Amino acid sequence: MKKIMGLLLTTLLVMSLFVGCGSKEKDAEPTGGNDSNQSSSEKDQGNNGDNSADKPKVGVTIYKFDDNFMTYTRNAMTSAAEGNAELVMNDSQNNQSVQNDQVDVMINKGVKALVINLVDPGAAPTIADKAKAADIPLIFVNKEYPEGTDKIDYDKVWYVGTQSKESGDIQGKLVAEAWKAHPEWDRNGDGVMQYVMLMGEPGHPDAEARTKYSVEYIKNEGIKVEELEKQTGMWDATKGKELMTTWLGKEGDKIEMVLCNNDGMALGVVEALKADGYFSDGKYMPVVGVDAIPEALDLIQQDIMLGTVLNDPLNQGRVSIEMAINSAAGKDVLDGLDFSLDETKAVRIPYQPITKDNLDLAKKAYGME
């Protein structure tokens with residue numbers, strides 16, 4: 001019996017020692033010592049594996065993600081940054097106050113350069129002041145400060161985009177040539193082009209220029225015009241459809257031409273026209289836009305849209321990111337780029353007229369080929 005009791009006591013003592021060891025290990029876990037060391041090790045391995053420590057962090061804001069054209073531009077930015085930079089991408093939701101706050105947050109997070117697609121072009125000096133205070137290079141893309149980048153009080157600010165007047169001129173030329181080639185489009189035979197105009201965002205330099213210079217070019221070609229309706233569709237397909245539906249109810253067959261500041265609105269216009277019986281049984285309405293987005297190219301291919309103007313999103317996105325990377329590294333901002341700066345410190349991406357005859361040009365610009 002004594003031997004049995006001794007064995008039991010020995011067994012209990014050994015078990016208590018194991019339990020004690022288990023308690024000590026369990027109590028150590030909440031300190032986080034081992035977890036912290038492991039996380040640090042994993043983070044270091046990640047940096048060594050992809051060299052992310054050598055890639056500059058570039059802060060980007062897009063005025064709104066659901067804009068047709070800027071979606072393609074944003075995708076081009078992502079492609080340009082792959083393997084070269086870490087992008088901090090923001091949707092400003094078409095709100096300048098939101099965009100201002102996003103810039104502040106990105107600066108506080110230590111971005112090395114900023115690429116900003118402005119909500120309000122007039123806010124460019126405010127954004128530039130923020131970048132200047134942090135000594136961070138700044139590239140505006142697509143929306144230009146109306147007075148020019150060279151008028152902003154900061155030496156590390158540039159613009160990538162287009163020459164707004166050029167898009168209006170090209171659209172006007174496209175319309176004028178087609179109108180002269182199709183006398184049947186003058187339905188009432190009065191020798192006057194009765195048109196409606198869908199404008200982009202009020203105050204946007206591109207919208208203002210396309211509205212003005214497209215019509216001026218048409219008139220300078222000796223074509224008489226009459227403006228039946230002109231309203232902003234805010235670059236939006238749904239608003240374009242709503243406006244065109246209203247105008248068809250009001251003006252009916254008096255409308256002979258539809259000019260749109262962008263393809264997004266033109267897509268909505270086409271939907272409204274289809275609902276009214278156009279583009280079938282020989283009933284046709286010429287519609288022109290700007291941007292040459294793939295959806296518009298499909299409509300041109302089908303002989304529905306008359307034409308558009310190529311607004312190159314791939315180069316706007318790519319060049320703005322490559323300039324940001326260069327400036328963040330202290331290099332010449334155009335290092336390795338086949339572009340030059342004009343007198344306003346801007347890189348100008350040229351527009352191109354697009355009809356059914358040269359769709360391949362636009363498809364290539366959008367990476368469709």
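In this predicted model, the side chains of Glu229 and Lys250 are joined by a polar contact of 2.9 Å. Glu229 sits in strand β7, and with a relative accessibility of 10% it falls under the 20% cut-off, so it counts as buried. Its partner is another matter: Lys250 is one of the exposed residues on the face of α8 turned away from that helix's buried side. Beyond its close neighbours in sequence (up to four places away), Glu229 also touches Tyr195, Val196 and Met197, along with Trp247 and Glu251.

That pair leads straight to helix α8, which covers residues 237-251. At 1.5 Å a residue, its 15 residues should span 21 Å, and the end C-alpha atoms turn out to be 20 Å apart, which agrees. At the start of the helix, a side-chain oxygen of Asp236 comes to within 3.1 Å of the backbone nitrogen of Thr238. Just past the other end, Gly252 takes a positive phi of about 60°.

Which residues of α8 are buried? They are Gly240, Leu243, Met244, Trp247, Leu248 and Glu251. Looking down the axis of α8, these buried residues fall within an arc of 135°, so they line one face of the helix. The spacing fits a simple rule: an α-helix has 3.6 residues a turn, so residues three or four places apart point the same way. The cover over the buried residues of α8 includes strands β6 (192-199), β7 (224-232) and β8 (257-260), as well as helix α9. On the face turned away from the buried side, the exposed residues are Thr246, Gly249 and Lys250.

Met244 of α8 shows up again in the largest nonpolar core, which has 64 residues. Met244 is among those with the most contacts inside this core, together with Val115, Ile255, Val258, Leu273, Val287 and Met323. Helix α9 (residues 263-275) supplies the largest share of the core, seven residues. A second, separate core has 21 residues, including Leu114, Ile136, Ile152 and Ala346. Such clusters follow a broader habit: in soluble globular proteins, nonpolar side chains tend to be buried together. As for Val115, its contacts, leaving aside neighbours within four places in sequence, include Val58, Val60, Met77, Ile139, Val141, Ile321 and Ala324.

A second polar pair involves helix α7 (residues 205-220), where Thr211 is found. A polar contact of 3.1 Å joins the side chains of Thr211 and Asn261. Thr211 has a relative accessible area of 12%, and because buried means under 20%, Thr211 is buried. Apart from neighbours within four places in sequence, Thr211 is in contact with Met197, Met199, Lys230 and Asn261. Met197 also turns up among the residues that Glu229 touches.

Tyr284 lies in the loop between α9 and β9 (287-288). At 25% relative accessibility, Tyr284 counts as partly exposed. Its C-alpha atom is separated by 9.6 Å from that of Met305, 21 residues apart along the chain. Tyr284 touches Met305, and its other contacts beyond four places in sequence include Trp185, Arg187, Tyr278, Phe279 and Leu306.

Stepping back to the whole protein, there are twelve helices and twelve strands. Of its 369 residues, 47% count as buried. Among contacts between residues at least 6 apart in sequence, 71% join residues at least 24 apart. The accessible surface comes to about 18,000 Å², and 49% of it belongs to carbon and sulfur atoms.

Note on methods: Residues are numbered from 1 along each chain as its sequence is written. This is a predicted model: local features need pLDDT of at least 70, side-chain atom pairs count only at pLDDT 80 or more; totals for chains, interfaces and linings use all residues. Side-chain values use heavy atoms; hydrogens and water are left out. Helices (H or I, at least four residues) and strands (E, at least two) are DSSP runs, numbered from the N terminus. Buried means under 20% relative accessible area, exposed over 50%, partly exposed in between (1.4 Å probe, protein chains only). Contact means heavy atoms within 4.5 Å. Accessible areas come from the Shrake-Rupley method with a 1.4 Å probe; for residues, only the protein chains shown count as cover. A nonpolar core is a set of buried Ala, Val, Leu, Ile, Met, Phe, Trp, Tyr and Cys residues joined through side-chain atoms within 4.5 Å. The expected span of a helix is 1.5 Å times one less than its number of residues. The arc is that of the directions from the helix axis to the C-beta atoms. A polar contact is a pair of N or O atoms within 3.5 Å; within protein, one must be able to donate a hydrogen and the other to accept it, and residues adjacent in sequence count only if both atoms are side-chain atoms.
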